[in-house]
Structure formats: structure tokens, C-alpha cells
Amino acid sequence: MSVTLEPTGPWLLRRTVNSLLPEAARLVRDHMREPMPDTLVRLARPGDFGPAVARVTGGSPSWWRTVMENESQRRTAHIATGMTVPTADGRVLVLLHIAAMRQDGQIFPTLVHELVHAVQMSRPRTAADALARNRHHLGIERQSRRWLTDHSASIGRDEEEAYRIEHLLAG
């Protein structure tokens, strides 16, 4: 499967990410020994996170839920260096926060971390559950509180695994 960088964002940062991306993808694939779905990496600003999630989730959310989700994702993007989102067509979108990528030492570990999440999306139910969560937050599909609690625990385990592998590979 392919991992590609979308040709948008600051040129110098794009060049740096593009040169590190093949090595990061190879390391993650070799370490995890699981398939990596088709992955698109995009450099984004905090205001781009919410619309990107709404666009790839599929369905038609209400304008109010879209505004609320956009604001939530924008706040998340200010503290996060990246986000991995499954798309309705089975691919994975990795969003990298441009301002957080200004430090060269942060780029490779973030790529490894987000590519681990991309590989996790190829596991049974992981992408479907993440998509269901996004659709719930956009008001497209309703999920029970119990399901949301169980899914939050699953997210915690995936995040723990991603940090562990990031520290192993990008130390």
C-alpha cells in the first residue's frame, strides 16, 4: 500500500517530510508486521483539522454539529502535533500540524507515531469504530454511552502502543 504526501503546505517543510516519510513508513511496517492501508499525509493548520474530518467521514452533518466539531478539532490541533483519521472509502488521512513541525527534531517522531495509527486502522473494527465515533460527533449516527466509553478505552490502548513504538523507533 502507498503512503503519499499531499503537495500542499510550506515548501521547505514539505521537502523535509517527503524525505523522511519513506523511512518512517518502512520502519513502522517492519516493526509492526501488519499491512499499512493507503495513507495520505497532509500538512495542515489548526483550522483545517475539523473540515478535513467532516469531509472524509461521509454523510451530511447538520451545520451546527459541523461548526461545533470544527471548533473541537481546532482546539485539539493546537495541542496535538498530528491526527490520523480513517476515511469512508477505506483509506487513512494523516494530518500534521504545520506549526508543531517547525522543529526538525519533532518531525520524524510525529511521522512514526501517526503512521503507527495508520497501521492500527487496518485492524478489524479499528477504522470502523473511529469512523463511527466521528459520525457520532457530527450527529450523523448515534452511539450509546457504553459504546463511547468502550471506544475511549480502545483509543487509550492504541495511543499507548503508538507512543511505545514511537520511542522505540524514533527514540
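Helices, of at least four residues, and strands, of at least two, are taken here as DSSP runs and numbered from the N terminus. On that basis, the protein, seen here as a predicted model, contains 6 helices and 4 strands. Read from the N terminus, these elements follow the order β-α-β-α-α-β-β-α-α-α.

The overall dimensions make a convenient starting point. For a compact globule of 171 residues a radius of gyration near 16 Å would be expected, and the protein, at 15 Å, agrees with that figure. Along the principal axes, the C-alpha atoms occupy a box of roughly 40 × 35 × 25 Å. Of the 171 residues, 46% are buried. The contact pattern reaches well along the chain: when contacts between residues at least 6 apart in sequence are considered, 73% of them link residues at least 24 apart. The accessible surface amounts to about 9,100 Å², and carbon and sulfur atoms account for 53% of this area. As for charge, 22 positive side chains accompany 19 negative ones, and 4 Å separates the centres of the two sets.

With the whole protein in view, threonine 84 offers a good place to look at local detail. This residue belongs to strand E3, which spans residues 82-86. Threonine 84 has a relative accessible area of 14%, so it is classed as buried, the limit for that class being under 20%. Its side chain forms a polar contact of 2.5 Å with the side chain of glutamate 114. Setting aside residues up to four places away in sequence, the surroundings of threonine 84 consist of Val92, Leu93, Val94, Glu114, His117, Ala118 and Met121.

One of those partners, histidine 117, carries the description onward into helix H4. Which side chains surround histidine 117, beyond residues up to four places away in sequence? The contacts are with Thr84, Asp158, Glu159 and Ala162. Histidine 117 is also buried, because its relative accessibility is 10%. A longer span is seen between histidine 117 and tryptophan 11, which are 106 residues apart in sequence and have C-alpha atoms 25 Å apart.

Helix H6, covering residues 145-170, supplies a pair of sequence neighbours for comparison. Glutamate 166 lies in this helix, as does histidine 167. Are the two buried or exposed? Glutamate 166 counts as buried, since its relative accessibility is 11%, whereas histidine 167, with a relative accessible area of 53%, is exposed. Outside the four nearest places in sequence on either side, glutamate 166 is in contact with Pro109, Val112, His113 and Gly171. The C-alpha atoms of glutamate 166 and glutamate 34 lie 16 Å apart, with their positions 132 residues apart along the chain. For histidine 167, the C-alpha separation from histidine 113 is 8.9 Å, at a sequence distance of 54 residues.

The loops add some backbone detail. Arginine 33 sits in the loop between helix H1 (11-32) and strand E2 (39-44). Although this residue is not a glycine, its phi is positive, at about 55°. Its relative accessible area of 74% places arginine 33 among the exposed residues. A second arginine, arginine 125, is found in the loop between helix H4 (104-120) and helix H5 (126-137). Here too phi is positive in a residue other than glycine, with a value near 75°. Arginine 125 is exposed as well, with a relative accessible area of 54%.

The final loop residue considered here is glutamate 141, located between H5 and helix H6. At 33% relative accessibility, glutamate 141 is partly exposed, a class that falls between the limits of 20% and 50%. What does glutamate 141 touch, residues up to four places away in sequence being left out? The answer is Ala132, Arg135 and His136. With arginine 135 there is also a polar contact between side chains, at 3.1 Å. Arginine 102, by contrast, lies far off in the fold: its C-alpha atom is 37 Å from that of glutamate 141, although 39 residues separate the two along the chain.

Notes
Residues numbered from 1 in each chain as written. Predicted model: local features only at pLDDT ≥ 70, side-chain atom pairs only at ≥ 80, totals over all residues. Heavy atoms only, no water. Rg over C-alpha atoms; globule rule 2.2 N^0.38 Å. Buried < 20%, exposed > 50% of the residue type's maximum accessible area, 1.4 Å probe, protein only. Contact = heavy atoms within 4.5 Å. Areas by Shrake-Rupley, 256 points an atom, 1.4 Å probe, with all protein chains shown as cover. Lys, Arg positive; Asp, Glu negative; His and termini not counted. Charge placed at Lys NZ, Arg CZ, Asp CG, Glu CD. Polar contact = N/O pair within 3.5 Å; in protein donor to acceptor, adjacent residues only side chain to side chain.
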